[in-house]
Amino acid sequence: MTYRLLVFDWDGTIIDSAATIAECIRDASRELGLEVPDRERASHVIGLGLHDAMRLAVPALAAQRYPEFVARYRKHFLARKDSMQLFDGMRQLLEGLSRKHLLAIATGKSRGGLDRDLEFHRLKPLFAASRCADETSPKPHPAMLMEIMEALAVQKDSSLMIGDTSHDMEMARAAGVDALAVTYGAHPEAGLRACQPLQCISDVGSLDQWLRENG
């Protein structure tokens, strides 16, 4: 297998943020007097679009209160954002891959949030394209991948999706793209394996090795 295009998820795949995001969801729920989702449920919605995430994480919250919830969530997230770092070895991996592949990002983050993160971590030059949940249909809809492939003129069989959630795996399957799961992020390995990725990868070093051998 050789892939011209490698599309990465962001939270829980490139940056170690999944646990923090889940806690921010729980904190916002607590502040608004809602039932606080357990960590598994809060982690499960990472990567989804806003409405799907709210519907699953805090089902008792009325849709008209979503902006209020988001404001509380962002307050907690921004207070902790500088503590969220790239996974060990990720910068070196991406720099090496960018010399041989086109790299892109498909994320449930907003465009503003992703751009801030890319600037903060000095990664923007490495990526040829990106799509965010507020720009197109969110995961697991295939639109992000389809639009990235069209923008970069890359075919499905030359593209690989790399992510840490079942939403990433389902998006890839809907787009007809191969998928690789990493188990160090938001979703447990059993759920990822149920989506039948090419492989489940446990750490960045193993991801590097797999891509060297198969990418």
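This is a tutorial dialogue on reading the features of one predicted model.

Student: Let's start with the rings. How many aromatic pairs does a search of the whole structure find?

Tutor: Two aromatic pairs turn up when the whole structure is searched. One of them joins Tyr73 and Phe77, with 5.8 Å from centre to centre and 25° between the planes. That pair is classed as stacked, because planes under 30 degrees apart count that way.

Student: Why are Tyr73 and Phe77 separated by about one helical turn?

Tutor: Both belong to helix 4, which covers residues 66–80, and they are four residues apart there, so about one helical turn separates them.

Student: Are Tyr73 and Phe77 buried or exposed?

Tutor: Tyr73 is buried, and Phe77 is buried as well.

Student: Rings can also have a charged group over the face. Which residue lies over the face of Phe120?

Tutor: Lys81 does, at 5.5 Å from the centre of the Phe120 ring.

Student: Now to pockets. What is the general idea behind looking for one?

Tutor: A probe the size of a water molecule is rolled over the atoms, and this shows where empty space is left. In this model, the largest pocket has a volume of about 720 Å³.

Student: Which residues lie nearest the centre of the largest pocket?

Tutor: Tyr73, Arg74, Gly108, Lys109 and Ser110 lie nearest the centre, out of 27 residues that line the pocket. We have already met Tyr73, as a partner in the stacked pair with Phe77.

Student: Which helix supplies the largest share of the lining of that pocket?

Tutor: Helix 4 does, with six residues. At least two lining residues each come from helix 1 (18–31), helix 3 (50–57), helix 4 and helix 6 (111–120).

Student: How do the residues of the lining divide into nonpolar, polar and charged?

Tutor: There are 15 nonpolar residues in the lining, along with six polar and six charged ones.

Student: Next, the cysteines. What is a disulfide, and how many are found here?

Tutor: A disulfide is a covalent bond between the sulfur atoms of two cysteines. The search of the whole structure finds zero disulfides. Take Cys195: its closest cysteine sulfur is in Cys200, and the 9.0 Å between them is too far for a bond. The reasoning rests on a cut-off, because a disulfide needs the two sulfur atoms within 2.5 Å.

Student: Are Cys195 and Cys200 buried or exposed?

Tutor: Cys195 counts as buried, at 9% relative accessibility. Cys200 also counts as buried, at 11%.

Student: Let's turn to the backbone. Which peptide bond is cis, and where is its proline?

Tutor: Look at the bond from Lys139 to Pro140, which is cis with omega near 5°. Pro140 sits in the loop between strand 3 (129–132) and helix 7 (143–152).

Student: And what about phi? Which residues should I look at for a positive value?

Tutor: Try Ala153, which has a positive phi of about 55° although it is not a glycine. Ala153 belongs to the loop between helix 7 and strand 4 (159–163), and it is exposed, with a relative accessible area of 58%. Then look at Gln196, another residue other than glycine, where phi is near 60°. Gln196 is in the loop between helix 9 and strand 6 (200–201), and its relative accessible area of 66% makes it exposed.

Student: Finally, how do I read contacts between residues that are far apart along the chain?

Tutor: Set the separation in sequence beside the separation in space. Tyr3 and Ser159 are 156 residues apart along the chain, with 5.4 Å between their C-alpha atoms. Tyr3 lies in the segment before strand 1 (5–8) and is buried, with a relative accessible area of 4%.

Student: Where is Gly191 placed, and how far is it from Ser166?

Tutor: Gly191 is in helix 9, residues 189–194. Its C-alpha is 6.7 Å from that of Ser166, and the two are 25 residues apart in sequence. Gly191 is partly exposed, with a relative accessible area of 32%.

Student: Is Leu126 buried or exposed?

Tutor: Leu126 is buried, with a relative accessible area of 18%. You will find Leu126 in the loop between helix 6 and strand 3. Leu126 and Gly96 are 30 residues apart in sequence, and 9.7 Å lies between their C-alpha atoms.

Definitions and conventions. Residues numbered from 1 in each chain as written. Predicted model: local features only at pLDDT ≥ 70, side-chain atom pairs only at ≥ 80, totals over all residues. Heavy atoms only, no water. Phe/Tyr/Trp six-rings, centres within 6.5 Å; stacked < 30°, edge-to-face > 60°. Buried < 20%, exposed > 50% of the residue type's maximum accessible area, 1.4 Å probe, protein only. Lys NZ or Arg CZ within 6 Å of the ring centre and 35° of its normal. 1 Å grid on protein atoms, 1.4 Å probe; cavity = no way out; pocket = protein on both sides within 12 Å on 5 of 7 lines; lining within 4 Å. Points joined across faces, edges and corners; volume = space filled by probe spheres on them. Nonpolar A, V, L, I, M, F, W, Y, C, P; charged D, E, K, R; others polar.
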